[in-house]
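Grab a coffee and open the viewer: here is a short set of exercises to work through with the model on screen. Try each task on your own before you read the solution.

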Amino acid sequence: MSGTSDLQNQLKELQPSKDFFVGIDSDGCVFDTMELKHKECFCPNYIKYFGLQKVSRYAREVWEFVNLYSTGRGTNRFPALVNTVELLATRPEVKQWNVHIPDFTALKTWMEQESKLGNATLNAYAKQVNNPLINRVLDWSLRVNADIEEMVTGMDPFPYALDALREIHRKADAVVISQTPVDALTRDWKGSSVEKFIRTIAGQEHGTKTEHIALAAKGKYKADKILMIGDAPGDLRAAKNNGALFYPINPSHENESWKRLLEEGLDRFFTLNFAGSYEESLIDEFHSYLPENPSWKS
Ligand SMILES: [Mg+2]
């Protein structure tokens, strides 16, 4: 961890009010915002900012595979951008078109030294290094935020998420654990039907999801009383890095997943019958929804 920020200290200072802790991812988990943000905001802007117009159909296909329909789902935007561009560059169609794909080494250098991958830290770094690629990535990222602010409005939680969160709130301290900027998270949660069920919101400015759980829950609650709910492999990793339990919200089957959590998962968690074969079968099923390799390679 590269130093604990004020925001991270707020998580560290959270005191338990109940025996159980539940971390809840936001995008694509409580709110169906993933499709909208990626298809209408992230993807068109990466085509524009990184000169991929000539190969836009492949650029779009790769963006959606990496960010929505594979093990990369839910990755922070900066590593996701690098992964997408690198995968795009391997496609024969792109090589045929002789498209110049920018070199992302400078962004990788920043990502290696920074755990809080957000616009504020990138902006500070951009001023330090004055590197054209870093400046371009920052412009892209700011544009994406502006587009999301305009595009993503009037979203409601999945119907069964509302019921499940009400149940969670009875016995657990619930915290939003997300890699989305806090501003966007606040817009989604403030005034929503689920706002009253959560203690606080942790976003990308608070560090990684693994850090969020470590700061907000580890050592304060027993390990078998900490549960992470999410729709992406990064949510699973954040849980397991902290020895916590994981409940998956399966992509494209979100509401059914929340229904199952409400009807059986929560009871198992609160009676300490969640770990073991039950959790393993859920995780196996979750993996089947998110392939590692794209279909165009086979
Ligand atoms: Mg998510």
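The exercises below go through the domains, the metal site, the empty spaces, one helix and one tryptophan of this predicted model.

**Exercise 1. Find the domains and work out how they meet.**

Solution.
- Step 1: Start with the bounds. The domain assignment splits the protein into domain 1 (6–32 + 157–289) and domain 2 (34–151).
- Step 2: Now take the centres over C-alpha atoms; those of domain 1 and domain 2 are 27 Å apart.
- Step 3: Look at the contacts between them. On the domain 1 side 20 residues take part, and they touch 15 residues of domain 2.

**Exercise 2. Which protein donors hold the magnesium ion, and are Asp25 and Asp27 buried or exposed?**

Solution.
- Step 1: Pick out the donors. Asp25 (OD), Asp27 (O) and Asp231 (OD) are the protein donors, at 2.0 to 2.2 Å from the magnesium ion.
- Step 2: Check the atom labels: Asp27 is listed with O, while Asp25 and Asp231 are listed with OD.
- Step 3: Write the spacing along the chain, which comes out as D-x1-D-x203-D.
- Step 4: Check accessibility. Asp25 has a relative accessibility of 4%, under the 20% cut-off, so Asp25 counts as buried.
- Step 5: Do likewise for Asp27. Its relative accessible area is 9%, so Asp27 is buried too.

**Exercise 3. Describe the largest pocket and say where it lies relative to the domains.**

Solution.
- Step 1: Get the volume. The largest pocket holds about 330 Å³ of space.
- Step 2: List the lining. There are 17 lining residues, and Gln179, Thr208, Lys209, Gly234 and Arg237 are the closest to the centre of the pocket.
- Step 3: Map the lining onto elements. Two or more residues come from each of α11 (209–216) and α12 (233–241). The top contributor is α12, with five residues.
- Step 4: Sort by class: four lining residues are nonpolar, nine polar and four charged.
- Step 5: Place the pocket. Both domain 1 and domain 2 give residues to the lining, so the largest pocket lies between them.

**Exercise 4. Repeat the job for the second largest pocket.**

Solution.
- Step 1: The volume here is about 150 Å³.
- Step 2: Go through the lining, which includes Arg77, Asn119, Asn145, Glu149, Asp183, Arg187 and Glu205.
- Step 3: The elements that supply two or more lining residues are α7 (119–129), α8 (132–151) and α10 (182–189).
- Step 4: By class, the second largest pocket has four nonpolar, three polar and five charged residues in its lining.
- Step 5: Its lining draws on domain 1 and domain 2, so the second largest pocket also lies between them.

**Exercise 5. How many cavities of 30 Å³ or more are there, and what lines the largest cavity?**

Solution.
- Step 1: Count them: there are three cavities of 30 Å³ or more.
- Step 2: Take the largest cavity, with a volume of about 270 Å³.
- Step 3: Its lining has 24 residues, and Asp27, Gly74, Thr75, Gln179 and Thr180 lie nearest the centre. You've met Asp27 already, as a donor of the magnesium ion.
- Step 4: At least two lining residues come from each of α2 (34–49), α3 (56–67) and α4 (77–89). Of the elements, α2 gives the most, with four residues.
- Step 5: The classes are eight nonpolar, nine polar and seven charged.
- Step 6: Check the domains: domain 1 and domain 2 each give at least three residues to this lining.

**Exercise 6. Explain why α11 counts as largely enclosed.**

Solution.
- Step 1: Find the buried residues of α11: Lys209, Glu211, His212, Ile213, Leu215 and Ala216.
- Step 2: Set that against the helix length. Six of the eight residues are buried, so α11 is largely enclosed by the rest of the structure.
- Step 3: Ask what does the covering. The list includes α1 (6–12), β1 (20–24), β2 (172–177), β3 (200–202), β4 (226–230) and α12.

**Exercise 7. Characterise the surroundings of Trp97.**

Solution.
- Step 1: Locate Trp97 in helix α5 (residues 92–97).
- Step 2: Its relative accessible area is 48%, so Trp97 is partly exposed.
- Step 3: Set aside neighbours within four places in sequence, and Trp97 is in contact with Lys54 and Val55.
- Step 4: Compare sequence with space: Trp97 and Val55 sit 42 residues apart along the chain, with 7.4 Å from C-alpha to C-alpha.

Key. Residues are numbered from 1 along each chain as its sequence is written. This is a predicted model: local features need pLDDT of at least 70, side-chain atom pairs count only at pLDDT 80 or more; totals for chains, interfaces and linings use all residues. Side-chain values use heavy atoms; hydrogens and water are left out. On a 1 Å grid over the protein atoms alone, a cavity is a set of points where a 1.4 Å probe fits but cannot get out, and a pocket is an open set with protein on both sides within 12 Å along at least five of seven lines; lining residues have an atom within 4 Å of a point. Grid points are joined across faces, edges and corners, and a volume is the space filled by probe spheres set on the points. Ala, Val, Leu, Ile, Met, Phe, Trp, Tyr, Cys and Pro count as nonpolar, Asp, Glu, Lys and Arg as charged, and the others, Gly among them, as polar. Domain bounds come from an automatic or database domain assignment. Donors are N, O and S atoms within 2.8 Å of the metal (3.2 Å for Na, K and Ca); water is not among the atoms, so sites may look incomplete. Buried means under 20% relative accessible area, exposed over 50%, partly exposed in between (1.4 Å probe, protein chains only). Contact means heavy atoms within 4.5 Å.
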